[in-house]
Amino acid sequence: MRIAILGAGPGGYVAAIRAAQLGAEVTIVEDKEVGGTCLNEGCIPTKTLIASAELLHRARNAKDFGLELNGTIQPDIKNIIQRKDKVVSTQVKGIRGLFKSWGIRCIEGRGTIETPKKLRITIKNGSIEYVTADRIIIATGSRPANIPAFPFDGKNILSSTDALNIDTIPSSILIIGAGVIGCEFAFIFREFGSDVTMVEMLPHAVSTEDEEISVILERELKKRKIKLLTNVRVEDVDIKDGSVSVRLSDGKSIEAEKMLVSIGRAVNSDNIGLENIGVKIGRRGEILVNEYMQTNIEGVYAIGDVVGGLMLAHLASREGIIAAENALGGNSKVNYDVIPSAIFTSPEIASVGLRERDAIQKGIRVKTGRFQFRTLGKAHAMAEISGMIKLIAEEVTDRLIGAHIIGPHASDLIHEAALAIENGLKSKDIARTIHAHPTLSEGLMEAAEEIHGQAIHVPRR
Amino acid sequence: MNPEDIRYHREHTWARLSGNRITIGITDYAQESLGDIVYIDAIEPDTDVEAGSEITQIESTKATSPVISPVSGTVVEFNEELTDSPEIINEDPYGKGWIAVIEVEDDSEFNDLMDVTEYERYLEEEVKLR
């Protein structure tokens with residue numbers, strides 16, 4: 001069986017490896033760099049910048065830990081970006097190495113679909129190559145969405161991709177959109193020394209999260225002196241003398257050296273030949289698929305950001321695995337109810353399952369348990385006491401249905417809850433599992449106990 | 001010692017009257033119970049507040065707690081010193097650790113608050129037994 005995959009991001013490259021593991025002859029086509037947005041312009045590069053920003057923050061507060069650092073501590077953005085590039089290139093090599101070990105052919109060029117069994121590839125040197133396959137998996141991903149009237153110029157109006165490759169730290173930056181990307185960059189730029197203002201049209205920052213989590217994050221933004229304006233839209237943008245002036249819907253104007261637009265991502269479904277074979281797309285251009293990741297055209301699958309929905313690297317990877325298995329005769333589906341997600345703010349945010357408002361909307365009666373990190377000895381030892389864990393269980397069955405964490409290492413802690421939800425465990429199952437002391441994980445045990453009014457370190461209510 | 005020239009609210013805030021302005025803060029008992037204060041949310045001027053409702057939140061190493069306004073009115077000033085040094089509240093809750101100044105229409109709510117004797121009895125008889 002020959003499988004051709006369009007796009008080598010976290011969806012496509014994972015699909016390629018799984019298909020090869022199952023014995024297929026795999027060709028993958030990538031017109032930029034393997035690893036896709038996640039590795040080259042998203043998850044990994046932002047995390048390397050965050051690592052620099054967090055070390056900077058700690059160094060600046062070294063005194064609190066009883067350390068005396070002499071001399072000035074300041075970010076060197078060129079070296080920070082260089083480090084980021086090095087981390088990325090190491091990971092890119094890693095994926096290429098995996099391709100080689102599984103005998104996957106990777107073609108660098110731009111592929112379009114000619115027929116359900118044939119891709120046309122414009123190689124980087126301009127030559128054309130055709131690849132025939134029994135099955136095609138489309139994994140072309142997404143790109144930063146811009147405000148059509150004020151498109152990215154890479155100088156004053158930046159996309160998240162541009163922001164990862166700056167050569168100077170702006171004295172001030174205006175961030176449009178206080179979602180995941182906007183908030184992560186807000187903490188990065190603030191620590192590097194920029195004056196940061198975020199503009200959000202919704203009532204809260206990270207509005208995809210449980211509202212209690214948003215409220216706590218908003219306080220952390222205040223602590224870092226990051227300004228957040230909510231319920232406002234951008235009406236007009238004026239660029240002059242190398243600075244940006246923005247007029248807002250509430251009549252106010254804001255000036256900044258740079259503007260970062262992080263209002264979401266647009267799917268890459270154009271110019272890949274979907275029309276040649278009649279693949280159905282939705283209103284925003286997303287490729288329509290069923291739960292087996294099949295498009296309406298037999299033998300053609302689509303996965304990851306290009307199918308819309310939650311744009312998460314790990315979801316794309318899982319969809320890639322499912323598509324590869326199904327393309328090779330399998331019959332599996334993705335469980336969309338249990339998808340953990342993480343936001344790398346300070347502190348981190350992570351969640352899985354239902355938010356309280358989703359449960360209410362679905363008419364599910366719930367019990368909730370909350371636990372503050374500041375109650376844990378470990379959090380104090382680490383000097384990271386902000387944040388909380390909120391667990392949501394179904395009232396009648398006690399089955400865990402949602403977990404929301406804001407606090408140190410939230411992105412690592414969330415998986416205990418994900419495992420519990422995926423396997424239908426009860427909050428009592430978490431509560432009676434011994435958790436090692438002193439750890440942040442104790443917080444999950446206490447939050448689970450708190451659902452039953454039995455958290456040891458919470459005063460009587 | 002709790003000062004005698006101010007009034008007290010059962011949610012452990014205090015009020016000092018001067019003309020039509022009332023300065024508020026949290027009591028010594030409150031700061032002691034909270035432990036080391038690490039952050040207080042700034043209050044925007046012109047915010048309208050109701051007696052008995054939350055005016056801001058205080059974060060200590062132990063807990064995040066609402067600050068309950070002892071009177072109704074409009075906030076005219078927030079103690080900006082607290083933004084960078086919230087620990088002043090622990091050090092001097094009735095002095096430099098004041099939180100906000102509220103403009104009130106009349107002093108009737110102020111007069112209804114407990115005086116120092118009543119507040120100390122309240123602490124002894126109700127609060128500390130809990």
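## Strands, hollows and odd peptides in a predicted model

In chain B, strand β5 (residues 48-49) pairs with strand β8 (residues 73-78), running antiparallel over 2 bridges. Within that pairing, B:Val49 has B:Gly73 of β8(B) as its bridge partner. β8(B) also has strand β9 (residues 100-103) of chain B to pair with, again antiparallel, through 4 bridges. Look for B:Phe78 there: its bridge partner in β9(B) is B:Ala100. Keep in mind that this is a predicted model.

**A small sheet in chain A**

Over in chain A, 3 strands make an open sheet, in the order β12-β13-β14, with antiparallel pairing. β12 (234-240) and β14 (253-256) stand at the edges with a single partner strand each, so one side of each is left without a neighbour in the sheet. Going from one strand to the next, the twist averages 20°. β12(A) and strand β13 (residues 243-248) are joined in the antiparallel sense by 6 bridges. If you want a landmark in this pairing, take A:Val237, whose bridge partner in β13(A) is A:Val246.

**Empty space**

Rolling a probe the size of a water molecule over the atoms shows where empty space is left. How many cavities of 30 Å³ or more does the structure hold? There are 2 of them. Here they are, along with the second largest pocket.

| Space | Volume | Lining by class |
|---|---|---|
| Largest cavity | About 60 Å³ | 5 nonpolar, 2 polar and 3 charged residues |
| Second largest cavity | About 40 Å³ | 4 nonpolar, 3 polar and 1 charged residues |
| Second largest pocket | About 1,500 Å³ | 11 nonpolar, 11 polar and 18 charged residues |

Start with the largest cavity. Its lining is made of A:Ile50, A:Ala53, A:Glu54, A:His57, A:Phe187, A:Ile188, A:Glu191, A:Arg224, A:Phe344 and A:Ser346. Two elements of chain A give two or more residues to that lining: α3 (43-60) and α6 (180-192). Which of them supplies the largest share? That's α3(A), with 4 residues.

The second largest cavity has a lining of A:Pro144, A:Ser160, A:Ile181, A:Val261, A:Ser262, A:Ile263, A:Gly264 and A:Arg265.

Then there's the second largest pocket, which is lined by 40 residues. Nearest its centre you'll find A:His57, A:Asn61, A:Asp64, A:Arg224 and A:Ala383. Two of those names should ring a bell, as A:His57 and A:Arg224 also line the largest cavity. Both chains take part in this pocket: chain A gives two or more lining residues from each of α3, α6, α7 (211-223), α11 (377-382) and α12 (410-422), while chain B does so from β4 (37-40) and α2 (81-84). The largest share, 4 residues, comes from α3(A).

**Backbone oddities**

A few spots in the chain A backbone are worth a look. A:Ser346, which we met in the lining of the largest cavity, is joined to A:Pro347 by a cis peptide bond, with omega about 0°. A:Pro347 sits in the loop that runs between β18 (341-343) and β19 (348-353). Another cis peptide bond leads from A:His437 to A:Pro438, and its omega is near -5°. This time the proline, A:Pro438, is in the loop between α13 (427-431) and α14 (442-451).

What is the phi of A:Val206? It is positive, about 35°, although A:Val206 is not a glycine. You'll find A:Val206 in the loop between β10 (195-199) and α7 of chain A. That α7 is one of the elements that help line the second largest pocket.

**A glutamate and its contacts**

Last stop: A:Glu356, in helix α10 (residues 356-361) of chain A. Which side chain does the side chain of A:Glu356 make a polar contact with? The partner is A:Lys390, at 2.6 Å. Leaving out residues up to four places away in sequence, A:Glu356 touches A:Asp210, A:Glu212, A:Val366, A:Thr368, A:Arg370, A:Lys390 and A:Ile392. So A:Lys390 turns up both in that set of contacts and as the polar partner.

Conventions
Residues numbered from 1 in each chain as written. Chains lettered and ligands numbered in written order. Predicted model: local features only at pLDDT ≥ 70, side-chain atom pairs only at ≥ 80, totals over all residues. Heavy atoms only, no water. Polar contact = N/O pair within 3.5 Å; in protein donor to acceptor, adjacent residues only side chain to side chain. Contact = heavy atoms within 4.5 Å. Pairing = 2+ DSSP bridges. Axes fitted to C-alpha atoms, helices over the stretch in contact; angles between N-to-C directions. 1 Å grid on protein atoms, 1.4 Å probe; cavity = no way out; pocket = protein on both sides within 12 Å on 5 of 7 lines; lining within 4 Å. Points joined across faces, edges and corners; volume = space filled by probe spheres on them. Nonpolar A, V, L, I, M, F, W, Y, C, P; charged D, E, K, R; others polar.
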